[in-house]
Amino acid sequence: MDDCMSGDEDFYDSDHLESDLHSHDIIENEEADLRWAAPKGSSTKVITKESLLVAQREDLKRVMDLLSLREHHARTLLIHHRWDVEKLLAVLVEKGKASLFSDAGVPVNEDTGSSLSFPSKVKCCICREEVSADTATKMNCGHCFCNECWTRHFIVKINEGQSRRIRCMAHECNAICDESVVRNLVSKEHPDLAEKFDRFLLESYIEDNKMVKWCPSTPHCGNAIRVEEDEFCEVECACGLQFCFSCLSEAHSPCSCLMWELWAKKCRDESETVNWKPCPKCHIPVEKNGGCNLVTCICGQAFCWLCGGATGRDHTSSRIAGHSCGHYKEDKANKTEWATGDLYRYMHYHNRYKAHTDSFKLETKLKETVLKKVSISEEGDSRLRDFSWVTNGLYRLFRSRRVLSYSYPFAFYMFGDELFRDEMNSQEREIKQPLFEYQQQQLEAYVEKLSKNLEEPFDKYPDAKVMEIRSQVINLSVIIDNLCKKIKCEAKADSKLKGR
């Protein structure tokens with residue numbers, strides 16, 4: 001993990017920020033903007049309804065050519081191995097062709113006779129009726145039953161959702177029925193079920209494939225995402241939704257899936273508790289009923305709603321005089337029966353998580369306003385015509401705000417006792433927690449500055465001023481990108497190290 005964090009030199013400070021933003025050394029020409037394509041992480045591919053069949057046929061053809069198989073046998077093998085061609089080939093090498101086929105339900109020695117030429121009469125072992133040979137069907141495994149029994153069997157299995165692996169009716173026969181026979185017999189009586197059968201076979205490429213998943217958008221966009229390498233990654237669909245490929249929740253890095261699941265549950269369980277906080281003087285629960293973060297208890301004590309610390313009354317719209325908070329500090333004196341230390345910790349991290357989540361929602365609404373300013377600028381008298389730095393800056397703002405928001409639940413679990421009590425000792429925590437919080441503060445400062453720059457009325461500014469804002473937005477975006485990568489890289493390394 002040498003490219004994640006190697007020491008203090010990887011951190012930015014406030015002096016570094018100002019010098020970076022007032023220089024043109026980071027990005028000084030238009031060509032550098034081309035580096036701003038949305039990062040994909042693991043290689044991904046969006047599969048639309050139109051391209052689903054093509055994507056499926058690519059894997060089918062590979063197996064058909066390699067093993068000289070017909071399409072339905074290749075599909076049976078791939079469904080059995082969850083469309084993992086590499087795993088299928090590994091089993092072939094390790095166990096051999098006979099074992100590969102029999103485990104998946106593909107006949108090793110295929111009986112190619114699909115219809116009976118003799119005798120003229122056949123006794124069906126299911127219904128015990130003697131039927132003519134042209135009303136009976138023999139499967140590749142060699143078992144023969146009347147078409148009426150086959151059809152009833154297929155209809156039941158399709159309605160039960162087992163279309164992808166309909167087995168032969170013979171006792172202890174593991175063979176998968178030929179899909180062309182299923183389709184032909186079912187379509188004669190129930191064309192709608194035959195269509196359903198075909199749809200299930202097609203969608204098996206997504207349903208049974210661990211490297212392909214439906215986009216969880218609501219309403220559903222109809223797309224799926226395929227990843228080529230890491231199935232534990234965040235992806236973006238063509239519809240614009242970003243989500244975790246592993247758990248299909250909203251993108252939640254640097255939190256692991258387990259952390260996000262626990263945090264979401266905790267937020268639901270504590271939804272009422274966070275509306276109240278104990279007064280630092282008398283410990284009576286106080287409810288916040290306004291927007292200001294300076295609240296006053298009935299005993300007269302003023303305190304900060306974010307951290308719960310006692311303060312004076314002087315304040316502005318953005319800060320309380322003589323007070324600052326950001327790091328979590330455990331205050332054992334404030335632990336009462338009503339508010340335990342864990343509750344104080346939770347409220348500390350939850351308040352900051354929610355503050356950045358709310359900012360993310362507000363900044364999403366900002367997009368329309370900013371794009372309108374871009375449109376005005378492009379139609380105006382300005383000689384500047386390329387405003388891609390604005391849309392790229394917006395993308396970086398949304399992405400970094402989300403990372404910043406989820407960094408608080410990550411810190412809650414990473415440096416708490418719920419998950420890592422036995423894995424991280426106090427000395428290790430004392431080293432890692434301040435470094436992580438320092439990164440949070442730096443990222444927060446850059447994100448707020450980027451947000452402020454994008455809110456500027458650049459459509460009313462002269463070209464020189466617009467170029468100055470452009471330089472600030474581009475440089476901030478590069479710095480923010482680096483910080484987000486460092487935070488997520490360290491978080492991923494720690495989570496893997498601790499097995500969470």
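This report describes selected features of a predicted model of one protein chain.

## Overall composition

The protein chain has 500 residues, of which 45% are buried. Its secondary structure comes to 13 helices and 13 strands. Among contacts between residues at least 6 apart in sequence, 59% join residues at least 24 apart.

## Helix 4 and its surroundings

Helix 4 spans residues 85–95, and its buried residues include Val85, Leu88, Leu89 and Val91. Viewed down the helix axis, the buried residues of helix 4 fall within an arc of 155 degrees, so they line one face of the helix. That buried side packs against three other helices: helix 2 (52–67), helix 3 (71–80) and helix 5 (97–104). On the face turned away from the buried side, helix 4 carries Val93 and Glu94, which are exposed.

Both ends of helix 4 have a feature that can be described. At the N-terminal end, Asp84 acts as a cap, with a side-chain oxygen 3.2 Å from the backbone nitrogen of Glu86. Just after the helix comes Gly96, whose phi is positive at about 95 degrees.

## The sheet of strands 1, 7 and 6

Three strands form an open sheet in the order 1-7-6, and their pairing is antiparallel. The edges are taken by strand 1 (44–47) and strand 6 (212–214); each has a single partner strand, so one side of each is left without a neighbour in the sheet. From one strand to the next, the twist averages 25 degrees.

Strand 7 (residues 224–227) pairs with strand 6 over three bridges. Within this pairing, Val212 stands opposite Arg226, and Trp214 has Ala224 as its bridge partner. Strand 7 is also joined to strand 1, by four bridges. Here Thr44 stands opposite Val227 of strand 7.

In a regular strand the side chains alternate between the two faces of the sheet. In strand 7, Ala224 and Arg226 lie on one side and Ile225 and Val227 on the other; all four are buried, and both faces of the strand are covered. Helix 8 (residues 191–207) lies across strand 1, strand 6 and strand 7, and runs at about 110 degrees to strand 6.

## Cysteines without disulfides

A search of the whole structure finds zero disulfides. A disulfide requires two cysteine sulfur atoms within 2.5 Å. The sulfur of Cys168 has its closest cysteine sulfur in Cys141, and these two are not bonded because the separation of 3.8 Å is too far. For Cys239 the closest cysteine sulfur belongs to Cys237, at 3.7 Å, which is likewise too far for a bond. Cys168 is buried, with 7% relative accessibility, whereas Cys239 is partly exposed at 40%.

## Ser187 in helix 7

Ser187 belongs to helix 7 (residues 179–189) and is partly exposed, with a relative accessible area of 30%. Its side chain reaches two backbone oxygens: that of Arg183 at 2.9 Å and that of Asn184 at 3.0 Å. Ser187 and Thr151 are 36 residues apart along the chain, and their C-alpha atoms are separated by 9.5 Å.

## Backbone geometry in loops

Most residues other than glycine have a negative phi, and most peptide bonds are trans. The table lists departures from this pattern.

| Residue or bond | Backbone value | Location |
|---|---|---|
| Thr218 to Pro219 | cis, omega near -5 degrees | Pro219: loop between strand 6 and strand 7 |
| Ser253 to Pro254 | cis, omega near 10 degrees | Pro254: loop between strand 9 (242–244) and helix 9 (257–269) |
| Arg128 | positive phi of about 65 degrees | Loop between strand 2 (121–123) and strand 3 (130–132) |
| Glu172 | positive phi near 65 degrees | Loop between helix 6 (147–159) and helix 7 |

Arg128 is exposed, with a relative accessible area of 58%. Glu172 also counts as exposed, at 72% relative accessibility. Pro219 lies in the loop that links two strands of the sheet described above, strand 6 and strand 7.

Note on methods: Residues are numbered from 1 along each chain as its sequence is written. This is a predicted model: local features need pLDDT of at least 70, side-chain atom pairs count only at pLDDT 80 or more; totals for chains, interfaces and linings use all residues. Side-chain values use heavy atoms; hydrogens and water are left out. Buried means under 20% relative accessible area, exposed over 50%, partly exposed in between (1.4 Å probe, protein chains only). The arc is that of the directions from the helix axis to the C-beta atoms. Contact means heavy atoms within 4.5 Å. A polar contact is a pair of N or O atoms within 3.5 Å; within protein, one must be able to donate a hydrogen and the other to accept it, and residues adjacent in sequence count only if both atoms are side-chain atoms. Two strands pair if DSSP finds at least two bridges between them. Axes are lines fitted to C-alpha atoms, for helices over the stretch in contact, and angles run from 0 to 180 degrees between N-to-C directions.
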